[in-house]
Amino acid sequence: FINAQGLKGRSFKVSVYDMVGNVIYTEEGKLSGQYFTKDLNMAAFAKGMYIVNFVTDKERLVKKFIKD
């Protein structure tokens, strides 16, 4: 899951990168309120560390996660 709350802005772009910098997943859209959630299927992803970059027209959030 990708969850974010208290968001500012009206549009978003979420991207997931591997540690080499390759884009594994990306999605753009309009925010409906201050909350975003996405059920991201990680079954096809290799084990390792990834970076989620969530950008709105007013802010940027960056988080790392590990798939075992």
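These exercises walk through a sheet, a strand residue and a surface patch in a predicted model.

**Exercise 1. The sheet**

Find the order of the strands in the open sheet of four strands, and say which strands stand at the edges.

*Solution.* Step one: read the order. The open sheet runs β3-β2-β5-β6, and the pairing is antiparallel. Step two: look for strands with a single partner. β3 and β6 (60-67) each have one, so one side of each lacks a neighbour in the sheet. These two are the edge strands. Step three: check the turn. On average, neighbouring strands of this sheet are turned by 15° against each other, direction ignored.

**Exercise 2. One pair of strands**

How many bridges join β2 to β3, and which residue of β3 is the bridge partner of V16?

*Solution.* Step one: count the bridges. Antiparallel β2 and β3 are joined by seven. Step two: pick V16. Its bridge partner in β3 is Y25.

**Exercise 3. Residue V52**

Is V52 buried or exposed?

*Solution.* Step one: locate the residue. V52 sits in strand β5 (residues 48-56). Step two: take its relative accessible area, 11%. Buried means under 20%, so V52 is buried. Step three: list its contacts. Beyond residues up to four places away in sequence, V52 touches I2, V14, S15, V16, L61, V62, K63 and F65. Step four: compare sequence with space. V52 and Y17 are 35 residues apart in sequence, yet their C-alpha atoms are 6.5 Å apart.

**Exercise 4. A surface patch**

Which residues make the nonpolar surface patch of about 290 Å²?

*Solution.* Step one: name them. The patch is made by M19, M49 and I66. Step two: place M19. M19 lies in the loop between β2 (11-18) and β3 (23-30). Step three: classify M19. Its relative accessibility is 47%, so M19 counts as partly exposed.

Terms used
Residues numbered from 1 in each chain as written. Predicted model: local features only at pLDDT ≥ 70, side-chain atom pairs only at ≥ 80, totals over all residues. Heavy atoms only, no water. Patch = residues over 30% accessible without salt bridge, like charges linked within 9 Å, V, L, I, M, F, W, Y side chains within 5 Å. Areas by Shrake-Rupley, 256 points an atom, 1.4 Å probe, with all protein chains shown as cover. Salt bridge = Lys/Arg side-chain N within 4 Å of Asp/Glu carboxyl O. Buried < 20%, exposed > 50% of the residue type's maximum accessible area, 1.4 Å probe, protein only. Contact = heavy atoms within 4.5 Å. Pairing = 2+ DSSP bridges. Axes fitted to C-alpha atoms, helices over the stretch in contact; angles between N-to-C directions.
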